[in-house]
Every structure is written in structure tokens, then in C-alpha cells.
Amino acid sequence: MSAYMLLCNYTDQGIKNIKEAPNRRAAARGLGQKFGVDIKAGYLAIGPYDLVIHVEAPNDEALPTFLLSLGSRGNEGPTTLKVFPEAEFDKIVGAVA
């Protein structure tokens with residue numbers, strides 16, 4: 001599984017209907033399961049992003065399919081970062097010539 005951080009901002013629609021956020025979060029988890037994407041944790045953020053969400057996906061194809069499906073609902077827009085856990089980081093650094 002690959003790990004990703006989604007840096008999200010609410011759209012005008014998303015903030016207008018903010019009280020629905022808990023239900024949208026549950027729906028997003030269900031949608032993620034359909035594509036093999038596991039939402040590990042979500043955080044309300046203060047700063048340039050409204051939400052930071054940690055997800056894991058089986059491959060780089062599953063995540064954009066999930067994000068496009070989620071984005072079509074019009075509530076959030078993510079910037080996606082692929083991240084590497086410490087063990088993978090050490091392996092990558094060990095291969096540096």
C-alpha cells in the first residue's frame with residue numbers, strides 16, 4: 001500500500017453545507033473502500049488548508065479514481081502528496097549512489 005496526504009480546502013458548497021461534514025466523511029470512507037483506498041485519519045487544519053487526510057491506496061491508479069469520484073461531489077478540492085514511511089525512506093537513501 002502506498003501512503004498519501006491529501007491537503008484539502010472546502011469549496012463554497014462544502015462550507016455552505018459544513019454541518020453535513022460528518023455524513024460526507026462516512027460516505028467518503030465507503031467510497032474509498034470501493035476503490036481499495038483506506039482513509040486512515042483526517043484532521044481539521046488551521047492555515048492554508050482546511051483538512052489534512054492520511055490515506056493508503058493499493059497503487060497510484062486507485063487513488064486518482066477515488067479522488068475524481070469524491071471531487072465530483074463538489075465539497076472539497078485536494079492537493080495530493082505521496083509520502084514514504086521511514087523504512088521506505090531509509091531504503092531509498094540506502095540506494096543513493
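Two strands pair if DSSP finds at least two bridges between them. Helices (H or I, at least four residues) and strands (E, at least two) are DSSP runs, numbered from the N terminus. The structure is a predicted model, in which local features need pLDDT of at least 70 and side-chain atom pairs count only at pLDDT 80 or more, while totals for chains, interfaces and linings use all residues. Residues are numbered from 1 along each chain as its sequence is written, and side-chain values use heavy atoms, with hydrogens and water left out.

**Exercise 1. Give the overall make-up of the protein chain.**

Solution.
Step 1. Count the elements: the protein chain has four helices and four strands.
Step 2. Read them from the N terminus on; the order is β-α-α-β-β-α-β-α.
Step 3. Take the extent along the principal axes: the C-alpha atoms fill a box of roughly 50 × 30 × 15 Å.
Step 4. Apply the burial classes, where buried means under 20% relative accessible area, exposed over 50%, and partly exposed in between (1.4 Å probe, protein chains only). Of the 97 residues in the protein chain, 27% are buried.
Step 5. Look at contacts, meaning heavy atoms within 4.5 Å. Among the contacts with a separation of 6 or more, 68% are between residues 24 or more positions apart.

**Exercise 2. Work out the strand order of the sheet and find its edges.**

Solution.
Step 1. Strands of a sheet pair through backbone hydrogen bonds, either parallel or antiparallel.
Step 2. Here four strands form an open sheet with antiparallel pairing, in the order β2-β3-β1-β4.
Step 3. The edge strands are β2 (38-44) and β4 (76-83); each has a single partner strand, so one side of each is left without a neighbour in the sheet.
Step 4. From one strand to the next, the twist averages 20°. For angles, axes are lines fitted to C-alpha atoms, for helices over the stretch in contact, and angles run from 0 to 180 degrees between N-to-C directions.

**Exercise 3. Trace the pairings of strand β3.**

Solution.
Step 1. Strand β3 (residues 51-57) pairs with strand β1 (residues 2-10) in the antiparallel sense over seven bridges.
Step 2. Along this pairing, Tyr 4 has Val 55 of β3 as its bridge partner, and Cys 8 stands opposite Leu 51 in β3.
Step 3. β3 also pairs with β2, in the antiparallel sense, over six bridges. There, Val 52 in β3 is the bridge partner of Tyr 43.
Step 4. The hairpin of β2 and β3 has six residues between the strands, and Gly 47 in this hairpin takes a positive phi near 135°.
Step 5. Check the burial of β3: five of its seven residues are buried, and the strand is mostly covered.

**Exercise 4. Describe the packing of helices α2 and α3.**

Solution.
Step 1. Two packed helices are described by the angle between their axes and the distance between the axes.
Step 2. For α2 (residues 21-35) and α3 (residues 62-71), the angle is about 145° and the axes are 9 Å apart.
Step 3. List the residues that meet: Ala 28, Leu 31, Gly 32 and Phe 35 from α2, and Ala 62, Thr 65, Phe 66, Ser 69 and Leu 70 from α3.
Step 4. Place α3 against the sheet: α3 lies across β1, β2, β3 and β4, and runs at about 165° to β4.

**Exercise 5. Characterise the surroundings of Ala 62, Arg 24 and Asn 75.**

Solution.
Step 1. Ala 62 belongs to helix α3 and is buried, with a relative accessible area of 10%. Leaving out residues up to four places away in sequence, Ala 62 touches Phe 35 and Val 37.
Step 2. Arg 24 is placed in helix α2. Its relative accessible area is 15%, so Arg 24 is buried. Beyond neighbours within four places in sequence, Arg 24 has contacts that include Tyr 10, Ile 18 and Asn 75.
Step 3. Asn 75 lies in the loop between α3 and β4 and counts as buried at 11% relative accessibility.
Step 4. The side chains of Asn 75 and Gln 13 are joined by a polar contact of 3.1 Å. A polar contact is a pair of N or O atoms within 3.5 Å; within protein, one must be able to donate a hydrogen and the other to accept it, and residues adjacent in sequence count only if both atoms are side-chain atoms.
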